[in-house]
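Reader: I should like to understand how the terms used for a protein model are justified. May I put some questions to you about the one shown here?

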Amino acid sequence: MKSLYTWGAIAVIVLTSTAGDVLLSRGMKQVGDVGALRRRIGLWAVLARVLKNPNFLIGVLCMATAFYSLLFGLSWGDLSLVVPASTSLTFITNAVAARIFLHERVDQRRWVAALLVAGGVVLLAV
Amino acid sequence: MTFRKYLVLAGVAFFAATGDGFIARGMKQVGNVSLHDLSGIFLVVLNPVIALGVLFLLVFFACYMTALSWADLTYVLPATSVSYVVLTLIAKFILHENVSLTRWLGILLISAGVGFVTQGPALTPPPPAESDELVGASLSARIEP
């Protein structure tokens, strides 16, 4: 039963952090290149534009949910399972989600990179 | 990709690794936080090491958002995973922790992943304007009687 809770928490962490990353990425693309904008309209105006973006705000909410799910996951399962499993799975779900929702060109190079990093994260925690 | 943009990516990796490191060290000083008394989770920020960790993670978030404003998510995430390598090197050479062969292999895989993704373009080019016009034309053709 405890392992079911642990894997449930891992699933929630992966889903919410993927949704958060995708929404933050979409929000920041809508805002535009922050460096160029800052030179044109100033830092405070850029900050206001970011904080008014709905995708950014929902993305932050998703990230906060992922963080608290991680805390609950850690109280049910081992650190050596919860952190590497959720981190490495998030690299893979992000590649899938970025292709579907952000229409990013996830070519062979990016797939290989995501899989190598996901595998590396698992090995670091062994 | 300009030098400044590579600097922002390095900032993401550096501040994520050091921020996590400060928070981990601070939490060891504070001790266990009970899930039944959640007020403790808010009071931990009064610890100076944790406060420094939170500050570093805020800088990490600013760098991460900046990177996402001009690069793809599938570029930024693997490229900044170099933070795991930094964290392990800190553990080995500054904290003098024992790093096993499996962990070195993990570092090798992550470094290869970083190398792979940074050789490619950082941003997916937007679809050509012509195709947008064609889509618009075909849509209006469908809507108009």
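Reader: What share of the contacts in chain B with a separation of 6 or more joins residues 24 or more positions apart?

Author: The share is 75%. Two residues are in contact if their C-beta atoms, placed from the backbone, lie within 7 Å. This is a predicted model, in which local features need pLDDT of at least 70 and side-chain atom pairs count only at pLDDT 80 or more, while totals for chains, interfaces and linings use all residues. Residues are numbered from 1 along each chain as its sequence is written, and chains are lettered from A and ligands numbered from 1 in the order in which they are written.

Reader: What makes the pattern of chain B α-α-α-α-α-α-α?

Author: Helices (H or I, at least four residues) and strands (E, at least two) are DSSP runs, numbered from the N terminus. Chain B has seven helices and zero strands, so its pattern is written with α alone.

Reader: Which residues have the most contacts inside the largest nonpolar core?

Author: They are Val117(A), Val12(B), Ala67(B), Leu68(B) and Val76(B), in a core of 64 residues. A nonpolar core is a set of buried Ala, Val, Leu, Ile, Met, Phe, Trp, Tyr and Cys residues joined through C-beta atoms within 7 Å. Buried means that 20 or more other C-beta atoms lie within 10 Å of the residue's own; exposed means 12 or fewer, and partly exposed lies in between. Leaving aside neighbours within four places in sequence, Ala67(B) is in contact with Val8(B), Leu9(B), Val12(B) and Val76(B).
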